[in-house]
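Me: Hi! Got a minute to go through this one with me? I'd like to talk about charged pairs and then the surface.

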Amino acid sequence: MARIVKEHTVRRNEILDVAQRLVYIKGYEQMTIQDILDDLQISKGAFYHYFSSKQELLEALIERMLDQGIQLILPIVQNHHLSAIEKLQSYFATIARWRTAQKVFFLALLRIWYTDDNAIVRQKMRSTIVIKRITSLLTGIIRQGVQEGILTTSHPDEVGEVVVSLGFDFQEAIGSLLLSFDPKRDDMFTIERTVAVYTDAIERVLGAPKDSLRFIDTETLKEWIVSP
């Protein structure tokens with residue numbers, strides 16, 4: 001029987017699809033490269049043609065998730081019928097809904113992504129991939145807000161990176177609280193306060209009216225509550 005040679009992108013995505021499913025089922029740490037080989041019935045050589053290690057596979061999963069998120073955001077950014085505040089609100093709400101729909105997968109990644117072993121690669125992806133790509137999208141919205149007179153920042157071309165950095169810090173803070181959640185410590189109050197603090201900080205950086213933005217609502221937050 002002739003060997004089937006698939007297009008590079010198709011095979012790579014097949015590997016990522018299987019890896020993502022196995023993360024759901026087994027967790028990233030328990031998932032092995034052999035699990036992926038067995039599922040796809042491919043050789044080690046075929047796997048290593050696309051990914052040099054399990055770590056690189058993790059990076060690829062994160063980057064693909066970023067691509068998916070950006071595809072959701074683009075229509076918002078390009079919608080000429082929305083004001084800047086409406087775009088920012090829709091941006092935050094859309095990302096919150098998307099992440100919540102994939103909660104199990106995101107929590108599985110959080111458990112491994114924020115370990116000390118991944119600190120270097122996490123910083124690399126933050127600085128060279130995520131900040132640059134998302135900042136370019138936010139900059140257009142911020143410029144629009146300044147033109148509309150609703151945002152008062154004096155640095156519309158630079159402040160987008162500050163907002164994205166605050167978003168990263170917020171994600172790390174909330175991720176840590178969710179993974180260690182304990183209702184006996186009134187952690188829900190701490191989470192809500194953290195959301196309020198970061199929301200206020202972003203409004204101030206943008207020069208937006210107070211209470212005009214919302215990262216995530218309380219009901220959505222409650223869907224994320226998990227036991228340690």
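Reply: Happy to. Keep in mind that this is a predicted model. A good place to start is aspartate 200, whose side chain meets that of arginine 204 in a salt bridge, at 2.8 Å from N to O.

Me: Where do aspartate 200 and arginine 204 sit relative to each other in helix α9?

Reply: They are four residues apart in helix α9 (residues 187–206), so about one helical turn separates them.

Me: And is arginine 204 buried or exposed?

Reply: Arginine 204 is exposed, because its relative accessibility is 65% and the cut-off for exposed is over 50%. Aspartate 200 is partly exposed, at 22%.

Me: Which residues are joined into one network by salt bridges that share partners?

Reply: Those are Asp182, Arg185 and Asp187. Within that group, arginine 185 and aspartate 182 pair at 3.7 Å, N to O. Arginine 185 is partly exposed at 48% relative accessibility, and aspartate 182 is partly exposed at 22%.

Me: What does glutamate 14 pair with?

Reply: Its salt-bridge partner is arginine 11, with the closest N and O atoms 2.8 Å apart. The two are three residues apart in helix α1, so again about one helical turn lies between them. Arginine 11 counts as buried, at 14% relative accessibility.

Me: How many salt bridges does the count come to?

Reply: The count comes to 10.

Me: Switching topic: which residues make the nonpolar surface patch?

Reply: Tyr24, Ile25 and Val104 make a patch of about 290 Å². Isoleucine 25 lies in helix α1 (residues 8–26) and is exposed, with a relative accessible area of 58%.

Methods
Residues are numbered from 1 along each chain as its sequence is written. This is a predicted model: local features need pLDDT of at least 70, side-chain atom pairs count only at pLDDT 80 or more; totals for chains, interfaces and linings use all residues. Side-chain values use heavy atoms; hydrogens and water are left out. Patches are made of residues with over 30% relative accessible area and no salt bridge: like charges are joined within 9 Å, nonpolar side chains (Val, Leu, Ile, Met, Phe, Trp, Tyr) within 5 Å. Accessible areas come from the Shrake-Rupley method with a 1.4 Å probe; for residues, only the protein chains shown count as cover. A salt bridge is a side-chain nitrogen of Lys or Arg within 4 Å of a carboxyl oxygen of Asp or Glu. Buried means under 20% relative accessible area, exposed over 50%, partly exposed in between (1.4 Å probe, protein chains only).
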